[in-house]
Amino acid sequence: MKFKINNKYLHWGLTAFAVVAAGITFYYFIFHSSNIKLGVSTIVDILKPVLFGLVTAYLLTPALNFVEDKILVPVCDKWKIKKSTRRKKVIRGLGILITAFLFVALIYILISMLVSQIVPSVQGLIANFDTYVDNVSGWITQLLEDNPEFGEYVTKTLNKYSEQFEDWVNHLLPETATLIKTLSLSFIGILDVLWDFVIGFVISIYVLASKDQFAGQTKKVVYALFERNTANTIIRNFRFTHRTFIGFLSGKIIDSIIIGILCFIGTTLMGTPYAILISLIIGVTNIIPFFGPFLGAIPSVVLIFVVDPMHPLNALYFAIFALALQQFDGNILGPRILGSSTGLTGFWVIFSITVFGGLFGVLGMIVGVPIFAILYAAVRSVINGMLEKKNLPGPSEEYEKVEYIDEEGLHLVPEREKRPKVRKRKKAVSADTEEESGRK
């Protein structure tokens, strides 16, 4: 007797199993999320060098493509070297060598600048810390003498919170050993991250050497798993994601470098103290969209004021300069470099930075805009596809003044147009009024 499988019951069974498994997974995710986070963090720690290598290779890919397409290939064509597999391997090897050399040289320049310029500025700031504290104290004393009512209020406030501050200090002293241990572990963690970065850089070399092969294998898997149209859509979306990420990150880095240089020129001309340190702060924080210039300008203004509180106009001048620089970046330089790489309005930019910054910290604030731009484009594509099936237009501008859509579904009826006119009815005239009008 042969056993026959009923496809309908098999489908029902698989559906029921999937529903139960999804329910168990959801329950475990809600009530045992700590175990999931622990497992994910363990996997991430193990694969950290590989992740560093993939990210480094992804960021270096545009530089490698530029070196190959704009330098090495034209040189080979000029020397009339025939196209072959060997020529391709030689170009790839030389391209990786040049790209890696430029990457290492850039890191060396940054470290040299930090050591030769930034470190002395920080050392001078620490060495003169007592002087700056005395300057601030003198400014506060003068302020309190000129405003006795304000001074009395400050004195009461200090007396009120002095006991709490003393209790906090007494509680902090026994925790010194724990604090030293934490700092030691943090230093060891930094060394561990540096080692993972070195291993990741070596991995990135191998990834760059085989990037075409990896791309071909990925496309082959996509076409094997999905239908042709679906596979084409997936690959097209991946290309859009790549353009959005690379366009935004590379453009933002170039934009921040230019802003840092302009800030250094401006602060040097104004005679601002610690010009290099302040320019570095402004340039690095400018990578964060929208909030970055303010995050860099506020501590810089405070630093300038602390150095010379008796001349607060210096801090005010720098604040005005930073505001002008931010306006130049937001309205002129940024749009020219970034273009329409994200396609998001100002509200969605602030929304994405707030959400992803709250979830993932500073890294989320940097990559939140391109990630949200991809999600926004995906939702927009789905909505436009659904509208297209209903023979309705896709652009949102055509819906701004729409009151309703007619039954055919093809013609939009704008507001204040084709609205049925309501005729005003004449009031009924009473008999008495008619008699009075007849008498007149």
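Which residues line the largest cavity? I started there, on a model that is predicted.

**Entry 1: the cavity**

I searched for enclosed space first. The structure holds 1 cavity of 30 Å³ or more. I read off about 60 Å³ of space in this largest cavity. Its lining is made by Ile259, Ile282, Asn286, Pro293, Ala297, Ala322, Leu325, Gln326 and Asp329. I then sorted the lining by element. Helix 11 (292-307) and helix 12 each give two or more residues to it. Helix 12 supplies the largest share, 4 residues.

**Entry 2: the chain as a whole**

I stepped back to get the overall count. I find 14 helices and 2 strands in the chain. The chain has 440 residues, and 23% of them count as buried. I noted an exposed area of about 32,800 Å². Carbon and sulfur atoms supply 68% of that area. I also looked at contacts between residues at least 6 apart in sequence. Of these, 61% join residues at least 24 apart.

**Entry 3: salt bridges**

Next I went through charged pairs. Side chains of opposite charge can pair when their charged atoms come close. How many salt bridges does a search of the whole structure find? I got 6.

I took the pair Glu68 and Arg92 first. Their side chains meet in a salt bridge at 2.5 Å, N to O. Glu68 sits in helix 3 and Arg92 in helix 4 (residues 85-127), so this pair ties together parts that are 24 residues apart in sequence.

Are these two buried or exposed? Glu68 has 8% relative accessibility, so I put it down as buried. Arg92 has a relative accessible area of 12% and is buried.

Arg92 has another partner. Asp212 forms a salt bridge with Arg92, and the closest N and O atoms are 3.0 Å apart. Asp212 is in helix 8 and Arg92 in helix 4, so here the tie spans 120 residues of sequence. I checked Asp212 for exposure. Its relative accessible area is 37%, so I list Asp212 as partly exposed.

I followed Asp212 one step further. Lys211 makes a salt bridge with Asp212, with the closest N and O atoms 3.5 Å apart. Lys211 counts as buried because its relative accessibility, 18%, falls under the 20% cut-off.

I then joined up the pairs. Glu68, Arg92, Lys211 and Asp212 are linked in a network of salt bridges.

**Entry 4: the second largest pocket**

Lys211 came up again when I turned to pockets. It is among the residues closest to the centre of the second largest pocket. I read a volume of about 800 Å³ for this pocket. The lining counts 18 residues, and the closest to the centre are Tyr58, Lys211, Ala215, Thr218 and His242. Which elements give two or more residues to this lining? I listed helix 3, helix 7 (176-209), helix 8 (211-225) and helix 9. Helix 8 gives the most, with 7 residues.

**Entry 5: Val73**

I went back to helix 3 for one residue. Val73 lies in this helix, which covers residues 48-78. I asked what Val73 touches, leaving aside its neighbours within four places in sequence. The contacts are Glu68, Arg87 and Ile91. Glu68 is also a member of the salt-bridge network above. I checked the distance to Ile91. Val73 and Ile91 are 18 residues apart in sequence and 7.3 Å apart in space, C-alpha to C-alpha. Why is Val73 put down as partly exposed? Its relative accessible area is 24%, and partly exposed runs between the 20% and 50% cut-offs, so Val73 falls in that class.

**Entry 6: a nonpolar surface patch**

Last, I looked at the surface. I found a nonpolar patch of about 820 Å². It is made by Ile253, Ile257, Ile261, Leu262, Phe264, Ile265, Leu269, Phe328 and Ile332. Helix 9 (228-270) and helix 12 (313-338) each give two or more residues to this patch. The largest share comes from helix 9, with 7 residues.

I picked Ile253 from the list for a closer look. Ile253 has its place in helix 9. Its relative accessible area is 44%, so I noted Ile253 as partly exposed.

I closed with a cross-check on helices. Helix 9 gives residues to the lining of the second largest pocket and to the nonpolar patch. Helix 12 gives residues to the patch and to the lining of the largest cavity.

Terms used:
Residues numbered from 1 in each chain as written. Predicted model: local features only at pLDDT ≥ 70, side-chain atom pairs only at ≥ 80, totals over all residues. Heavy atoms only, no water. Buried < 20%, exposed > 50% of the residue type's maximum accessible area, 1.4 Å probe, protein only. Contact = heavy atoms within 4.5 Å. Patch = residues over 30% accessible without salt bridge, like charges linked within 9 Å, V, L, I, M, F, W, Y side chains within 5 Å. Areas by Shrake-Rupley, 256 points an atom, 1.4 Å probe, with all protein chains shown as cover. Salt bridge = Lys/Arg side-chain N within 4 Å of Asp/Glu carboxyl O. 1 Å grid on protein atoms, 1.4 Å probe; cavity = no way out; pocket = protein on both sides within 12 Å on 5 of 7 lines; lining within 4 Å. Points joined across faces, edges and corners; volume = space filled by probe spheres on them.
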